[in-house]
Amino acid sequence: MIIAETERLVLRNWQEGDRDLFYEINRDEKVMTFFPLRRSHAECDLLFARNRDAIAETGFGFYALADRDTDEAYGFCGLSRVDLPGILPEGAVEIGWRLATRYWGNGYVTEAGKRLLQYGHDDLGLRDIYAFAVHDNIRSTAVMRRLGMEYLQGQDFDHPNVPDTHPHLKRHVLFRSTGDIRPTAIKQHD
């Protein structure tokens, strides 16, 4: 199932051949710097299946981000329902991404994110799409800014799913894209 395409990329559902890349991006220390856990192979398998099934059933999830010519997966970029009561409205949708380190710095996340915001607003009729990241995650917040997302000043929050054992990962910044705001031009570096 192909969700969307760009000049260089395809956003699609996960395939069995993507499983090793999925393990990699969910276990790599550098990729997961701002996440409190590293998943085992078994946990990755469960998440892989759950994500693939959700995309097939609902069209929402973290889609495989793959090379348009070779279909090699680089990571993911997707739209997913998020449940953060008191922080985001019920039924809110987030855009999120994760990329294998060897593909960083090529503008892939910005290119995919720009297309997914367009898809979410124009094709799915979503007025608001949110993104959030650990306050110190400068790489991700830079992508949010390149996508033309608005920083919601005064709405930083402590993520309720981050354990107290990781206080440095609790504080998150919140960004939003509305149907009225279109992503800015793509720059070459993520």
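## A quick tour of the fold

With 190 residues, a compact globule would have a radius of gyration near 16 Å, and the protein chain agrees because its own value is 16 Å. Keep in mind that this is a predicted model. If you drew a box along the principal axes, the C-alpha atoms would fill roughly 45 × 40 × 35 Å.

Now for what the chain is built from. The protein chain has 4 helices and 9 strands. Walking along the sequence, you meet them in the pattern β-β-α-α-β-β-β-α-β-α-β-β-β.

That pattern opens with two strands, and here is how this pair fits together. Strand 1 covers residues 2–5 and strand 2 covers residues 9–12. They run antiparallel, joined by 3 bridges. Between the two strands sit 3 residues, and the whole arrangement is a hairpin. Which residue stands opposite Val10 of strand 2? That's Glu5.

Back to the chain as a whole, here are some overall values:

| Property of the protein chain | Value |
|---|---|
| Residues that count as buried | 50% of 190 residues |
| Contacts joining residues at least 24 apart, among those between residues at least 6 apart in sequence | 65% |
| Accessible surface | about 9,500 Å² |
| Share of accessible surface belonging to carbon and sulfur atoms | 48% |

Finally, a word on charge. The protein chain carries 24 positive and 30 negative charges. How many Å apart are the mean positions of the positive and negative charges? They lie 3 Å apart.

Definitions and conventions
Residues are numbered from 1 along each chain as its sequence is written. This is a predicted model: local features need pLDDT of at least 70, side-chain atom pairs count only at pLDDT 80 or more; totals for chains, interfaces and linings use all residues. Side-chain values use heavy atoms; hydrogens and water are left out. The radius of gyration is taken over C-alpha atoms; the globule rule is 2.2 Å times the number of residues to the power 0.38. Buried means under 20% relative accessible area, exposed over 50%, partly exposed in between (1.4 Å probe, protein chains only). Contact means heavy atoms within 4.5 Å. Accessible areas come from the Shrake-Rupley method with a 1.4 Å probe; for residues, only the protein chains shown count as cover. Lys and Arg count as positive and Asp and Glu as negative; His and the chain ends are not counted. The place of a charge is taken as NZ of Lys, CZ of Arg, CG of Asp or CD of Glu. Two strands pair if DSSP finds at least two bridges between them.
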